[in-house]
Structure formats: structure tokens, C-alpha cells
Amino acid sequence: MLSRAKPAVADTPPPLDRRRKKGKKVPQLEELLALRDFTGAIALLEFKRQVGEQEEDADLWMGYCAFHLGDYKRALEEYEALTKQPACNPDVWVNLACTYFFLGMYAQAEQAALKAPKSRLQNRLLFHLAHKFSDEKKLMSSHQNLQDITEDQLSLASIHYMRSHYQEAIDIYKRILLDNREYLALNVYVALCYYKLDYYDVSQEVLAVYLQQVPDSTIALNLKACNHFRLYNGKAAEAELKNLTESASSSFEFGKELIKHNLVVFRGGEGALQVLPPLVDVIPEARLNLVIYYLRQDDVQEAYNLIKDLEPTAPQEYILKGVVNAAVGQEMGLRDHLKIAQQFFQLVGESASERDTIPGRQCMSSYFFLLRQFGNVLIYLNSVKSYFYNDDTFNFNYAQAKAATGCFNEAEEVFLLIQSEKIKRDFVYLSWLARCYIVNKKPQLAWKLYLKMETSGDSFSLLQLIANDCYKLRQFYYSAKAFDVLERLDSNTEYWEGKRGACVGVFQMILAGQEAKETLREVLHLLKSTGNSQVEYIVRIMKKWAKENRVPV
């Protein structure tokens with residue numbers, strides 16, 4: 001919730017269960033607060049309010065309980081009502097400011113905080129607000145006022161976390177845990193930091209310490225599911241969340257948004273358009289995952305519209321912005337966008353924190369890919385290849401780089417590993433695979449690729465590639481077939497000249513014993529389909545040779 005970037009609009013929370021079991025003593029407010037039974041405390045306070053047995057500071061306790069229950073809208077109503085009373089306790093202003101903060105109403109939070117008396121809580125709140133407003137001067141001022149006490153150090157650790165300084169946050173949490181073993185929840189924060197550092201197995205180990213004591217924690221179980229998603233797959237992650245979604249308390253509202261968001265991710269984007277748009281700027285990853293969804297749907301423009309105004313602060317944001325700009329640049333032929341993508345990829349790939357990570361190396365490979373320096377692309381892709389054996393997107397890029405550097409046998413093998421039908425229909429895939437077949441002396445397979453295509457601009461381009469590449473590599477038979485189809489589709493004299501040269505080339509190879517004599521019959525058929533004056537002369541010479549060598553035509 002510290003990452004919220006826009007005001008929350010929450011549904012009205014479900015009515016509290018006011019039923020009391022017969023024969024049970026009504027607990028005291030102090031007992032309920034000690035047990036952190038905030039739902040019970042609110043029910044008790046509301047009951048006493050209705051029967052006129054108002055406790056001292058009952059309204060303050062009502063706001064306190066609502067806040068700790070995650071019902072910030074209710075807490076806001078209570079605190080705002082208190083500030084309008086003549087004898088308002090000045091400390092109410094900092095409580096109101098905290099409530100505004102958790103609702104994402106940061107301007108109002110700052111105004112309320114400044115009305116409160118100076119306190120450590122006020123300083124911590126102003127510290128977080130300075131981070132939200134990207135005001136480095138105020139941030140450092142509040143930082144200097146922090147003391148070596150648990151609450152202030154926890155606040156500092158959270159700022160480190162949100163600024164992607166995960167190791168610094170871990171160091172603070174571990175130091176506090178050494179002196180306060182009973183602070184079990186800090187294990188969740190440490191696990192979250194390890195998750196962000198891609199140490200998913202370590203995150204699981206640390207998280208297990210907390211889950212042994214609190215097995216129904218929404219946040220901890222959600223993080224466990226996220227680790228399973230990274231370590232295994234979406235189904236394993238969803239299985240972890242299943243029990244949580246069935247048993248989650250109806251009053252625990254803020255966790256539900258996170259679970260809904262993560263289920264979309266675990267299910268590969270299913271339900272993205274229904275769930276993610278309302279969560280944009282509430283859950284930071286919602287915007288990024290919606291952009292990824294649009295990219296997977298080939299809706300590059302929507303992806304760009306969603307991310308163009310985002311000022312990246314984390315590596316994932318730089319990477320995604322780079323990917324979107326690269327997609328826009330390639331789809332629309334806009335070099336400015338390609339340059340922006342190069343800058344983002346280079347920035348992440350060369351950064352001290354990312355250069356030795358898998359995403360960092362992928363960024364450098366993408367940077368060199370856009371520069372068409374494929375030798376360098378392979379240096380980086382080879383270093384992470386073992387992690388992506390069955391990844392179609394990785395294999396697609398890896399095969400292209402292999403082919404571009406002349407390693408056509410290896411490129412062909414990798415292209416054939418790809419299972420995605422979407423990629424296999426892509427013209428880039430078809431053209432590179434056809435070129436690999438031709439160079440690897442399998443022109444008949446390149447021709448089959450063409451025959452499977454429907455008539456289109458791409459099929460015409462593939463014909464041109466087969467015709468010209470086969471000609472260059474003296475595979476004249478399939479060059480002639482390709483030039484023949486091109487000539488039928490477009491009466492350009494260049495296609496006739498290409499077909500003529502390819503047919504003569506086949507004849508020469510027959511004479512040299514490098515082509516079957518029976519092929520001559522089809523070559524003559526290809527030549528006769530052209531109404532050119534040169535055809536008769538060429539055909540006469542070929543037939544004369546066939547007659548002398550008893551080759552049926």
C-alpha cells in the first residue's frame with residue numbers, strides 16, 4: 001500500500017457481525033485491542049455508541065480500529081469528524097494524515113501532517129511523503145531527523161525498498177531481528193526483498209519461518225504464491241492462492257486487490273481487461289502487467305499510450321519501456337523510438353546492480369540486437385542460454401543472431417525448437433528459416449514453407465528470397481520455380497531474366513552430372529510458360545541435347 005499512486009475508491013465494507021453468543025461475557029475494549037480483534041472492538045464501540053454508553057476517547061479508538069483493519073475510508077470519516085470538534089486533540093491531525101496517505105491522497109496528507117505537533121510519527125510520514133513527491137531536499141531533511149529506534153529504522157528500510165535498494169533494506173531488517181526475535185513479521189519483509197533480488201528459493205526459506213507461526217497470513221501466502229510462480233509455473237502459484245481466496249476474511253479488503261491482480265498474472269493474462277485497469281496506480285505492477293498484456297495481444301499502440309508518461313524508477317520499468325519503444329519503432333519504422341529503446345536497454349544492462357543479472361544481460365543483448373551487432377548479441381545470450389532452453393521468445397532471438405553471424409546449422413536447429421504458432425507464422429521466422437534451409441542445402445524445405453502460405457505480400461517476399469538466395473548458392477532448380485511464380489504474379493522483366501538464368505543453370509548442372517536428367521522436362525515446362533522470343537532458342541538447344549543423350553522430355 002505504500003506504493004499506491006492514486007486515491008483509493010473502495011467498496012463499502014460488509015456490515016459487521018453484531019451477534020453475540022448466549023452465555024458469553026462481553027469483552028472489554030482493552031481486551032479486544034490487546035488481541036488485535038479490531039472487528040470486535042468496532043462492534044463493541046458501535047454498540048456502546050448506540051445505547052449511550054460512550055467510552056472515553058471512543059471516537060479516537062473507532063478511527064484507530066478502522067485504520068488497523070484496513071478500512072481507511074471509515075477511519076477517515078472518524079478522524080475528519082474529530083478535527084471539527086472545538087476541543088480536538090492535536091494528535092488527531094497526524095492520525096488523519098496517515099489515513100490520507102494510505103488512501104493515496106498525498107497532498108491532503110501533507111497538509112494534515114503539518115498541522116500536527118512535531119513527533120517521530122510526523123517525521124516518518126513526512127519522510128515517506130517526500131519520497132512520493134520526489135523531493136530529495138525534504139527527503140534528506142526528514143532522513144536526518146530519524147533516530148536509531150525500531151520504528152524509524154523500519155521506515156528507513158521501507159524507503160530503501162521502494163527505491164530498489166533491497167540489500168540495504170535487508171541489512172536493517174536483519175539488524176532489528178537480531179535484537180528482537182519476536183518481530184516475526186520482519187521475516188516477510190526480508191523475504192520480499194529476496195524476491196525482488198530474484199532469490200526466490202531464499203525468499204521461500206525466510207518466509208517459512210513466519211508461516212510456521214502465522215499460517216493464514218494473506219501477505220505471506222501471497223508472496224509464497226509469487227515465489228512458486230517464479231520457481232515453477234502459474235498453476236503451482238494459483239494452487240497456493242486457492243485456500244487463501246476461500247478463507248480470506250471479508251473485512252480484509254486491501255489484500256483482495258493484490259490477490260485479484262496476481263491471479264491475472266498467474267493465469268497468463270486471463271481477465272486482464274476486467275481486473276487490471278481499476279488497479280493501475282493502486283498496485284504498481286498493475287500498469288506494467290497491463291502493458292505486457294497489450295504487447296501479447298499485439299496492441300502496441302495501447303501499450304505505448306499506457307507507459308509513455310511513466311517515469312521509470314525500477315529496472316523492470318526501464319526494461320518494459322524499452323521493449324514498448326522497440327516494438328513501436330519496428331512496427332512503424334520510427335528510428336527515434338528505437339534509439340530510446342537502445343538507451344533504456346543500455347542503461348539497465350550497464351548498471352552496477354543489473355549487469356550480472358539475467359535481465360541485465362538480456363538488456364545488453366537487446367541493445368546490440370537493435371545496433372545489429374550480432375556477435376555481441378550472442379556473447380550475452382550464450383551466458384544465459386541454459387535458463388531459457390524451452391523459451392520460444394528467447395530461441396527466436398537467439399536463432400536470428402546465430403543466422404546473422406553465419407551459423408546457419410545451429411540457427412536451423414534452434415528455429416525448429418520453437419513451438420509457438422504465433423511466432424511460426426511471423427514472416428521474420430519464415431524468412432530466416434527459409435534462408436537457413438537454403439544455405440544448409442535443403443531448398444526443398446524452403447519451398448514447402450512457401451507452399452503452406454496463403455497468397456499475400458509476405459508470401460511474395462518469401463518467393464523473392466527463395467529465388468535470389470537459391471540462385472546465389474547455385475540451387476537453380478528451386479530458384480527457377482520461384483522466379484516462375486514471381487513472373488506469373490508480376491510481369492517484371494527481371495523475373496524473366498532470373499528464371500532464364502536459373503533454367504540455364506539447371507541445364508549446366510545436368511551436363512556436369514550434378515542434377516538429375518529427369519529435371520530437364522520440368523525446366524522446359526517452366527520455360528514454355530513464358531511468351532518471350534528467347535524461349536524458343538533456349539528450348540531448341542536443350543531438346544537437341546536431350547535427343548542426343550536419349551533423355552525423355
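**View 1. What covers the buried residues of helix α32 in this predicted model.** The cover over the buried residues of α32 includes α30 (493-511) and α31 (519-528), where helices are DSSP runs of H or I with at least four residues, numbered from the N terminus. Helix α32 itself spans residues 533-548, and its buried residues are V535, I538, V539, M542, W545 and A546; buried means under 20% relative accessible area, exposed over 50%, with a 1.4 Å probe and protein chains only. Residues are numbered from 1 along each chain as its sequence is written. Local features need pLDDT of at least 70 and side-chain atom pairs count only at pLDDT 80 or more, while totals for chains, interfaces and linings use all residues, and side-chain values use heavy atoms, with hydrogens and water left out.

**View 2. The two sides of helix α32.** The buried residues line one face of α32, because they fall within an arc of 125 degrees when seen down its axis, the arc being taken from the directions from the helix axis to the C-beta atoms. The face turned away from this buried side carries the exposed residues S533, E536, Y537, K544, K547 and E548.

**View 3. The surroundings of C436.** C436 is buried, with a relative accessible area of 0%, and its sulfur lies 10 Å from the closest cysteine sulfur, in C407, which is too far for a bond. The count of disulfides, pairs of cysteine sulfur atoms within 2.5 Å, comes to zero.

Definitions and conventions. Contact means heavy atoms within 4.5 Å.
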